[in-house]
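Have the sequence and the 3D view open side by side. This report walks through the domains, two helix pairs and a few single residues.

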Amino acid sequence: MRLPPLVYLLGAVSFLMDVASEMVYPLLPLFLASLGAGPGTIGLVEGVAEATASLFKVVGGRLSDRLGRRHPFLLLGYGLPALFRPLLALTQSPFHVLLYRFLDRTGKGLRTAPRDALIAESAPKEALGRAYGLHRSLDTLGATLGPFLAFLLLPLLGFRGVFWLSALPALLAFLLLFAVRETPRPPSPLPPLALGHLSPGYRRFLLVSGLFALALSSNAFLLLRLKELGLSQEEVALAYTLYNLLYALLAYPLGGLADRVGLGRMVATGFGLYALVYLGFAWARTAFWALGFLFLYALYSAAFEGANRAYLATLVPEEAKAGAIGLYHTVVGVLLLPASLLFGLLWQAFGAAAAFLTGAALALGALLLFLVDGTGRRAYPG
């Protein structure tokens, strides 16, 4: 079954924006360290950034459902990061980086739920795994090219030169959005987005995902760990490029596999892989082993990210699809702030192993809660 052209177009937009974002992202923890920031400060910056994105996801989703439109929120959500991206090149302190990340993630928050709802509305239900898998694959191909460009350009241009150039693909992504066409629905008042109005399956998955979110410290800490184990700044950027390449290559076929074996099974597999990766990063004593677990992390990302979004789409009501998706991302994202703060403080106080072991324990707890209900029976549909 062919996927609709809109899925490919949205994937191309995400590809370009991720080229821009990932030219910057793997350099940020190193750039912050060069400005005098420690692990605790890096945890604060990344936690605030991700929590900000998530807070705005429910806003973008609810407004999109209320107005019956998705496209204006895509324009705003991709336009804001394109506009503010050059500001990063002018930063002089960790606070300035925090301000940039706040503005950038505001745009991400506004666009995510309307975009995911548009994919769910345009793709056949029996191909949701492939649709989200394709989108994650194109998105991650951009995330592969971005760090590779950073690896090539960093020795020539330095941090700030790379930050300036990252504005170009962000602008192209914004311009491509003008080719998106949607069929608007008539505006209508919406009931309050209360948990009691949503399905028991949605509420349970929200609880499981909230616990798992506490394990989801920023990927910046994985990169910082690689640096701690002896990789150079350029090698860290190259390693992140290879991680994203493997993620991109696996996301689409694993999305198709999730459609066949069951979205719930693929989500459970993702929880388990995440715990294994964090155990590995706690145990690793050389960069060689850490790189091996980084590439296993790519398998987790490819298996989990698309299947998780597709599984969520099967649990939300049609009349409030973007709002329910946005609520999920908001609840999970708000917990990313304490997750990254806790991880950074544990690392600072007790070392990297203690922080990664805590993340692994939380992921295992989420897996167990997902697999069984209060009577010990299997709790998720295939």
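## Domains

Which domains does the domain assignment of the protein give? There is domain 1, covering 5-179, and domain 2, covering 200-372. Keep in mind that this is a predicted model.

The C-alpha centres of the two domains are 18 Å apart. Contact between them involves 52 residues of domain 1 and 47 residues of domain 2.

## Helices H1 and H7

Two packed helices are described by the angle between their axes and the distance between the axes. Take helix H1 (residues 5-24) and helix H7 (residues 167-176). Their axes come within 8 Å of each other and cross at roughly 160 degrees. An angle over 145 degrees counts as roughly antiparallel, so that is how H1 and H7 run relative to each other. The crossing of H1 past H7 is left-handed.

Which residues make this contact? H1 supplies Leu9, Ala12, Val13, Leu16, Met17, Val19, Ala20 and Met23. H7 supplies Pro169, Ala170, Leu172, Ala173 and Leu176. Sorted by class, the contact has 13 nonpolar residues, no polar ones and no charged ones.

## Two residues of H1

Ala12 sits in helix H1. Is Ala12 buried or exposed? Its relative accessible area is 26%. Buried means under 20% and exposed means over 50%, so Ala12 is partly exposed. Setting aside neighbours within four places in sequence, Ala12 is in contact with Leu138 and Leu176. Leu176 is also among the H7 residues in the contact with H1. Ala12 and Leu177 are 165 residues apart in sequence, yet 9.5 Å apart in space, C-alpha to C-alpha.

Val24 is found in H1 too. With a relative accessible area of 2%, Val24 is buried. Not counting residues up to four places away in sequence, Val24 touches Arg85, Leu88, Phe163 and Ser166. Ala53 is 29 residues from Val24 in sequence, and the C-alpha to C-alpha distance between them is 17 Å.

## Helices H11 and H15

Now turn to helix H11 (residues 263-283) and helix H15 (residues 352-371). At what angle do they pack? The angle is about 160 degrees, and the axes are 8 Å apart. H11 is therefore roughly antiparallel to H15. H11 passes H15 in a left-handed crossing.

On the H11 side, the contact is made by Gly264, Val267, Ala268, Phe271, Gly272, Tyr274, Ala275, Tyr278, Leu279, Phe281 and Ala282. On the H15 side, it is made by Ala353, Phe356, Leu357, Gly359, Ala360, Ala363, Leu364, Ala366, Leu367, Phe370 and Leu371. By class, there are 19 nonpolar residues, three polar residues and no charged residues in this contact. Gly counts as polar, and the contact includes Gly264, Gly272 and Gly359.

## Ala313 in H12

Where is Ala313? It lies in helix H12 (residues 287-313). Its relative accessibility is 8%. The cut-off for buried is under 20%, so Ala313 counts as buried.

Ala313 and Glu121 are 192 residues apart in sequence. In space, their C-alpha atoms are 9.6 Å apart.

How values were computed: Residues are numbered from 1 along each chain as its sequence is written. This is a predicted model: local features need pLDDT of at least 70, side-chain atom pairs count only at pLDDT 80 or more; totals for chains, interfaces and linings use all residues. Side-chain values use heavy atoms; hydrogens and water are left out. Axes are lines fitted to C-alpha atoms, for helices over the stretch in contact, and angles run from 0 to 180 degrees between N-to-C directions. Helices (H or I, at least four residues) and strands (E, at least two) are DSSP runs, numbered from the N terminus. Angles under 35 degrees count as roughly parallel, over 145 as roughly antiparallel, 65 to 115 as roughly perpendicular and the rest as oblique. A crossing is left-handed if the near helix is turned anticlockwise from the far one by less than a right angle, and right-handed if clockwise. Contact means heavy atoms within 4.5 Å. Buried means under 20% relative accessible area, exposed over 50%, partly exposed in between (1.4 Å probe, protein chains only). Domain bounds come from an automatic or database domain assignment.
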